[in-house]
Amino acid sequence: MNMKKTTTLGLGLALALSTAACGGGNGGDGGSEATSATGPIKIWLSNNPEELAWGNKMVEAWNKANPDQKVTAQEIPAGKSSEEVIGAAITAGNAPCLVFNTAPAAVPQFEKQGGLVPLDSFADGKEYIESRTGDAATQYQSPDGKYYQLPWKANPVMIFYNKDLLKKAGVDPENPPLSTYDEFLDTSDKIVSSGAAQAAIWPAPSSEFYQSWFDFYPLYAAETGGTQLVEDDKATFNSTEGKAVADFWATMYEKGYAQKEAYKADSFADGKAAMAIVGPWAIAVYGDSVNWGVAPVPTSTGIAPEDTYTFSDAKNVAMYSACKAQGTAWEVLKFATSEEQDGALLEETGQMPMREDVASAYPDYFKANPEYQTFADQAARTVEVPNVTNSIEIWQDFRDDYSKAVIFGETDVDSALADAADKVDGLAGQ
Amino acid sequence: MLTTVLGRQPLGLAFAAPYAVFLVLIFAYPVGLAVWISFHDYFFTAPGVAVDRPFVGLDNYTAVLGDPEVHKAFLNVAVFLVINVPLTVVLSLVLATALNGAVRGRIFFRVCYFVPYISASVAVVAVWLFLFSNGGFVNQLLGPLAPDPSWLINKGLAMPLIALFVTWKQLGFFILLYLAALQNVGKELYESAAMDGAGKLGSFMNITVPGVRPATTLVVILSIITGANLFTEPYLLTNGGGPNGASASPVLLMYQRGIEQGNPDTAAAIGVLLMIAFLIIAFVNKRFLERD
């Protein structure tokens, strides 16, 4: 009896507490006073060693010149993904002022959470972003026309190949035929049937929402001349071009040129795959260990490299609404993306600052490092993930249908794309 | 009056209070909040952001119950339970009985069974990946008999493999529970049975099994709870519930919907349904196992 009484009391108390907790939560958002406030700020940097090295030097330079507005930098805390950690920090109200690794796909969600400061709030915000990045900046505008992220750096993805393995497969390593789907399939066949490598190429076949950015999307961007997955709140991929790309990958998996099981290390570095879809970071990573070459992603008709688009794999900088000294944060953001710091970033990491015509902005660098020139040229033709509501849910639904039809061949490609398009139309329009 | 409110031993309340507060804050409050969230159009926001979170009745539940991915995840867990629970009970009881006897190297075996339990899942999963990946040790042993598609990308084998993995990983803990329970089974019962002509199997079935029934109830309930919480294995071993959701669990879906995709309302609805389903299963099991 007493036990029952206690249980009832406990449950009642729990429900009362929960109701009280859920009823609260309204308040102000800082407004224009916050955007002019100055003081010490915290920033988060990506945890890759090259970016950390650049970030720490940048912070040191800022702090030397601005001792009254000290910046404290740290790596993004460990979590299953950066986006989860940032999302949790927004909810908890302890997000830093700036995160130099904000994924564009996560921006709509952070924005919905009220976690981001529109950079247009600063008098020179819009002008600064558009003059630095040029026309490509508009891809990063939110549906309300505001910039909640500063386009920072791109890693335009291309096909990296291992010349030694191609030679072993009887393919011309200096000029491998990879520009059309037929050529790519033929080269892949030679690689696998000769035993030069277990797979011609090994994109991750797993079901994380972002994996399509490194198999379907680059080829789709190329095939369509730069169309995003969703435009005007409608899916674009249920089209002849979308089907051509999906059919190409379906053939790669069906013939065993691409593997259906995830490789737990780096298949390209381990010589298990002769090709990989990568950004310019790969030069620093594979430069000394693999005899590599680079080509644009293939298209059905073999579009010329100078006209080929790809996925940008950009990482941006966003300002978070928990920031008290937003005036300082904006100045730090401009400092960190200035021509000088962008040059330092390029030098340190090999990643392309999202500046208009990056190749001509840093001629000395590209003269000294000609291998980066191809990626710099490609950087001018990149496509970003669409900035739409429910962005991650859209990519997950797309991935699920793609995986079912293309990787595992359980359904046909046409109906999978139609099904995904239906779901995406419903989500993007919400 | 005071006695009616505080009971005959008011000091007892003071002793019980810290745990009661802990239970309310860490368990009851989140459960209450999850139930509340599941009936509202809810998403996480920064502190101080004013948003409308209207009551939506059963909308989240309707959406979840009509979602084929959710059906699949619950079915996957059912497959998991059908394999994992009986296997756990049988193996841990048999091994505990064996280890309770005079076996050479008893401590060595006890350590062997217990090490997987205390090892981090991430590390142990890496070993299983080495064993069961396409070019892994098991397939090399099996040669032409290796399944095609391979274990981890085979929709018929992925979930049974996870069930086996969890059984193996948790076995040490359940053996320990049974070993403790076996200490309470009187030796004289075995002696009497032996005098009556019972063999080893007869003693096991008629003395050991009924003698450790309370422990079996606990093992079954804990195994069921493990199944309800299944996340790490589909997340790591089969790369997010693959292939095509064949090893996705409800908790993995909650993570994807609630955390990755920013829909904690539907995630909470899945959680509440999961909790109800597993309370019913656990209750039925308890009644069944304690029927006498």
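This is a tour of a predicted model, going from the whole of chain A to its domains, its sheets, the contact with chain B and one residue of chain B.

**Before selecting anything**

Residues are numbered from 1 along each chain as its sequence is written, and chains are lettered from A and ligands numbered from 1 in the order in which they are written. Because the model is predicted, local features need pLDDT of at least 70 and side-chain atom pairs count only at pLDDT 80 or more, while totals for chains, interfaces and linings use all residues.

**Stop 1: chain A as a whole**

Select chain A and show it as a cartoon. Chain A has 18 helices and 14 strands; these are DSSP runs numbered from the N terminus, helices being H or I of at least four residues and strands E of at least two. Along the principal axes, the C-alpha atoms of chain A fill a box of roughly 75 × 65 × 40 Å. The radius of gyration of chain A is 24 Å, which agrees with the value near 22 Å for a compact globule of 430 residues. That radius is taken over C-alpha atoms, and the globule rule is 2.2 Å times the number of residues to the power 0.38.

Colour by burial next. Of the 430 residues of chain A, 50% count as buried. A residue is buried if 20 or more other C-beta atoms lie within 10 Å of its own, exposed if 12 or fewer, and partly exposed in between, with C-beta atoms placed from the backbone. Among contacts in chain A between residues at least 6 apart in sequence, 75% join residues at least 24 apart; a contact means that two C-beta atoms, placed from the backbone, lie within 7 Å.

**Stop 2: the two domains**

Give separate colours to domain 1 (38-148 + 315-353) and domain 2 (158-312 + 387-428) of chain A. The bounds come from an automatic or database domain assignment. The centres of domain 1 and domain 2 of chain A, taken over C-alpha atoms, are separated by 30 Å. The contact takes 15 residues from domain 1 of chain A and eleven residues from domain 2 of chain A. On the domain 1 side, the largest share, three residues, comes from helix α5 (residues 107-112) of chain A. The domain 1 side divides into eight nonpolar, six polar and one charged. Here Ala, Val, Leu, Ile, Met, Phe, Trp, Tyr, Cys and Pro count as nonpolar, Asp, Glu, Lys and Arg as charged, and the others, Gly among them, as polar.

**Stop 3: the six-stranded sheet**

Six strands of chain A form an open sheet of mixed pairing in the order β2-β1-β3-β12-β4-β13. Two strands pair if DSSP finds at least two bridges between them. At the edges are β2 (71-75) and β13 (352-353) of chain A, each pairing on one side only. Zoom in on strand β1 (residues 41-45) of chain A, which pairs with β2(A) in the parallel sense over five bridges. A:W44 stands opposite A:Q74 in β2(A).

**Stop 4: the four-stranded sheet**

Move to the open sheet with the order β6-β9-β5-β10 of chain A, where pairing is again mixed. Its edge strands are β6 (199-201) and β10 (292-295) of chain A.

Strand β5 (residues 158-162) of chain A is joined to β10(A) by four bridges, antiparallel. Four bridges also join β5(A) to β9(A), again antiparallel. Select A:F160: its bridge partner in β10(A) is A:V294, and its bridge partner in β9(A) is A:A276.

How many of the residues of strand β9 (residues 273-278) of chain A are buried? Six of the six are, so β9(A) is largely enclosed by the rest of the structure. β6(A) and β9(A) pair in the parallel sense over two bridges, with A:A273 in β9(A) as the bridge partner of A:A199.

**Stop 5: chain B against chain A**

Show both chains. The contact takes 35 residues from chain B and 42 residues from chain A. In chain B, α2 (10-38) and α13 (250-260) each supply at least two residues of the side that touches chain A. α2(B) gives the most to that side, with eight residues. By class, this side of chain B has 19 nonpolar, 15 polar and one charged residues.

**Stop 6: B:T226**

Finish on B:T226, in helix α11 (residues 213-228) of chain B. B:T226 counts as partly exposed, because it has 19 C-beta neighbours inside 10 Å. Leaving aside neighbours within four places in sequence, B:T226 is in contact with B:V166 and B:Q170. For a distance label, use B:V85: its C-alpha atom is separated from that of B:T226 by 9.6 Å, with the two positions 141 residues apart along the chain.
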